[in-house]
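Subject: Structure for your review

Dear colleague,

Please find below the structure that I am handing over to you. I should be grateful if you would read the notes that follow it.

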2 protein chains.
Amino acid sequence: MNHPAAAPLSVTTGPIGGSRKVYVSPPAHPSLRVPVREIALNDPLSPALHVYDPSGPYTDDTAQIDLAAGLPPVRDAWIAARGFPVTEGRTTRPEDNGGVGPDRLVAPCPAHHTLRRGEAGQPVTQLEFARAGIITEEMIYAAQRENLGRTQMHEDAHARLADGEAFGAALPAFVTPEFVRSEIALGRAIIPANINHGELEPMVIGRNFLVKVNANIGNSAVSSGVAEEVEKLVWAIRWGADTIMDLSTGRNIHNIRSWIIRNAPVPIGTVPIYQALEKVGGDPARLTWEVFRDTLIEQAEQGVDYFTIHAGVRLHHVPLTAQRVTGIVSRGGSIMARWCLSHHRESFLYENFAEICDIMRRYDVAFSLGDGLRPGSIADANDAAQFGELETLGELTQIAWAHGCQVMIEGPGHVPMHKIKLNMDKQLEHCAEAPFYTLGPLTTDIAPGYDHITSGIGAAMIGWFGTAMLCYVTPKEHLGLPDRDDVKTGVITYKIAAHAADLAKGHPAAQHRDNALSRARFEFRWEDQFNLSLDPDTARAYHDATLPKEAHKVAHFCSMCGPKFCSMKITQDLRREVREMEASTVRAGMDAKSREFAKQGATIYVPAGE
Amino acid sequence: MNHPAAAPLSVTTGPIGGSRKVYVSPPAHPSLRVPVREIALNDPLSPALHVYDPSGPYTDDTAQIDLAAGLPPVRDAWIAARGFPVTEGRTTRPEDNGGVGPDRLVAPCPAHHTLRRGEAGQPVTQLEFARAGIITEEMIYAAQRENLGRTQMHEDAHARLADGEAFGAALPAFVTPEFVRSEIALGRAIIPANINHGELEPMVIGRNFLVKVNANIGNSAVSSGVAEEVEKLVWAIRWGADTIMDLSTGRNIHNIRSWIIRNAPVPIGTVPIYQALEKVGGDPARLTWEVFRDTLIEQAEQGVDYFTIHAGVRLHHVPLTAQRVTGIVSRGGSIMARWCLSHHRESFLYENFAEICDIMRRYDVAFSLGDGLRPGSIADANDAAQFGELETLGELTQIAWAHGCQVMIEGPGHVPMHKIKLNMDKQLEHCAEAPFYTLGPLTTDIAPGYDHITSGIGAAMIGWFGTAMLCYVTPKEHLGLPDRDDVKTGVITYKIAAHAADLAKGHPAAQHRDNALSRARFEFRWEDQFNLSLDPDTARAYHDATLPKEAHKVAHFCSMCGPKFCSMKITQDLRREVREMEASTVRAGMDAKSREFAKQGATIYVPAGE
């Protein structure tokens, strides 16, 4: 007999090499401490660079990490001041943990958690505050994070401000708290922030902000336990994941979630239908509205920040998938399709959508309206089932907004490059600019084992076109449950896609880090180049594989080209030569010469003055 | 003291798992045996799929591989029939091998090689034959390879023919030899095929054909020897590289190249300026036209199929790079810039371009006009230096064409997504549709260690826009010399980019493999899914990491979701259920019902007949 799964004892802590955690306070808000990762540089012109930091206290050398105590509840004072009643909450039941016996039961996280629930008539959600003209602490905090680097960039001689193509997005030169409020009020952005998730460091998701990345974690019946899942959370945010979805489906699901949320500085999303299905023994036909409703409340009370709800899969959509190559590939979508057909009824999620809104509003759980009919192959992309559901999601967006709920919309899937833009255009059209949140899309089906790349291509493109958050895909997609290395590879790949999108959109400060790294590269500041990269450990290891000595860290070459063939070294020599020439009286100025040559089509250089 | 580097004794042979090499003959050309990789499937509807196969005899179980003897010279009879004089050729000199002493000298490949050189007045190049209206064996062979799958695709029920966006490319439903000839005659395609490379299995590069991938190999002064380089060639083409560039710069450069060419079934490209620089001791200022000219002849006689020539870096361009963040990042470009400034003279490559053409024409070495001023950072993308050089490349294209030479044009580099399309547009405009051959482009600078991905994004996009061949980038880019694993990762990433581009352009048969793989996935034919993927070994290993048993190869789930949450299983159950319903008298047809529901907005399913 197995022993109970141990609670996680330790997770990865300490800063990423070459950097440290610092906190900055927004102007006029000294009590807000917004985390930033500071990368120290060996550059007299720019001794440090600040980058966005979703990794939480785990990368703070001064933080005391105690998983059983949970993270410091930075939001608690703000939330307490809003006057939400404290409540007892629902009692945990055996089925919440999949009916696991006492010998295998994981203990819940013992961290203290004051349970609150908003009342009817009082503003609870960030959307309701925004509409009322109130700027919350969450908005100020998120604005500060978005603004990072914009001042520095304005002072960067190599910056080319806002030369991107934003496809209608409105990117401000500076992000103010008022701008965040306004975007939320318009439904164009959300701050997923359950009032029972006090540990959260707030962040904003929307087309006019930096593109965000979500990483999925979660066990399945076949693999993984609590220790691995909490470490996967910490590991994923270490490398830059902005939100985490816990897609667990096995046993101990309730108690594992308590560990995750109490130790999560980022928004946590879930798909409640997974747990509901566990409660009815795994048979979709046995699902009921009552079981689902109870699961929503259970998870909302725990502090989940956003729920994927597949209410767009309606009975009449299901036959539209009959001729597909890969049918329905969303777990939630297939469960609901099965339920609809089994009972010959419209989806209970669709029918009870208003009540779902009422429940989620009281905790400020944001909607992530699930794309249950997303295409699972190139052949099925942009078909009637997919776009039929998207229209329904637009209809549901209006209902959720009418109830005061924040909303984002999930998107595909498998889509060839030439069909990606239409997804964004239709989403903007049908869903009234609610943030889009896409899985990839994968631009071909033929590379299992490399679907982080097939999808990274699509993710970069759809991020550029306007998707607000990209859900990562790991190398194990279609093949198995990702492990720690897969999670890191998936996150880094998606940070690349998100950043490439920010650059192409023309985010004012996006290019700041590229410029800093390229300058370090050109000046052979190897350590700076490593430290400025998304993954300093890998960059350093790859370099050291052939040139491990410390002396090589200042060498003017690497093993790729060797000392004689380093173009950057040759260019530097050339520039020095030019400077020496310029210092002499022989030469008047290369730029003028260049123009002269171009005009004359001269084939021989004639020094000025001859 | 070291012993002489051993000649390579063995390379990777045998077919990729689940497939075998077969040969097909074009209609009416029974003597031409065009290789194809046949993937056996456990699918009653489609028992095998043929895919493009650049891997040469190494993946043929029946082939006898003897590196010292070289590959079978499949083209020799065709070339011999064209009446080119046999010639003695140039004598090898010590400086050809970097002046290496006898104790470290690698012996040249002993394979027999009849040296030929075209005369003035006789057609030598594929371009000259094409203009004369002559369809060569190379054109027939290449057409057969391009046509692969087009017939099958027309019979595929799930095929959606030519729904891509081709941006002006003209993709035929079927590729005929005459179409290949016509594209070459127009300068829109090339078949790199030196008359001294008889071992070559010809292939075509052009915007109206499948997007191709080049892999770079080559030692540097710091690392790698002959055995590794020949194995890297065999390894890179095994995973799908269509051409190989040998960028060696160290010692034994001439003799290593002889091993590579005699054992290469794909076109080999080089950058002759690298060897020329070795011959003058590594100092760009000491380069001369005479040394360079001699190097061209040396390599042309060996059988190199295309040369990168950086003749577009003119003296007046150099000052345009002065304010760049990363200066000049092309090795050849920086060498030539240094030479120009050292001598205050126009580039000797530019001044002697007509003679270069004359030399290359006599062997049919194709031009790959180098982009010596490509941007090395996001900040430098699309600047005056880059586009100034591109205009010069357009001018040189016309000269090369006038001399009967085949031409392709190299492109960047580091370019953010929103600036990629302009590169393609300008290239088409200035270079009169000569094939574009780009390195990436990398869409951000901030991910050293992952530049196969930062560049794979840009490569997929520019391939879609019209680039004919993509030069791979490995994870070691900017950090060190790639090893065997890096080469494979680079090639697979670029096969993804090229294939995603083919899909998006609407190549008639491109989707065939995606459909086959997705059907295998949906039907839980795990082995077929692995074998249809670009890298069956990795796909299988990832799956088996959590579910290693043979029984799991037919299981209707994987460890990602587990048995209860597999959407594909649920969909299949659902479809079975629907079939059972349809078999009963209760139900008239789901499609009709679907329309009815949509119209009524019905919330309850009412079976037909009630």
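The notes below cover the symmetry first and then the backbone.

This is a predicted model, in which local features need pLDDT of at least 70 and side-chain atom pairs count only at pLDDT 80 or more, while totals for chains, interfaces and linings use all residues. Residues are numbered from 1 along each chain as its sequence is written, chains are lettered from A and ligands numbered from 1 in the order in which they are written, and side-chain values use heavy atoms, without hydrogens and water.

A turn of 180° with a shift of 0.0 Å along the axis lays chain A on chain B at an RMSD of 0.0 Å (least-squares superposition on the C-alpha atoms of residues with pLDDT of at least 70 in both). The two copies are therefore related as by a two-fold rotation axis. In chain A, the C-alpha nearest this axis belongs to A:I457, at 2.3 Å. Of the interface residues of chain A, 100% are also interface residues in chain B, so the copies meet through the same surface (contact means heavy atoms within 4.5 Å).

Two peptide bonds in chain A are worth inspecting:

- A:P412 to A:G413 is cis, with omega near 15°. A:G413 lies in the loop between strand 11 (407–411) and helix 14 (420–430) of chain A (DSSP runs numbered from the N terminus: helices H or I, at least four residues; strands E, at least two).
- A:G440 and A:P441 are joined by a cis bond, with omega about 10°.

In chain B, B:A28 is not a glycine, yet its phi is positive, near 70°.

Yours sincerely
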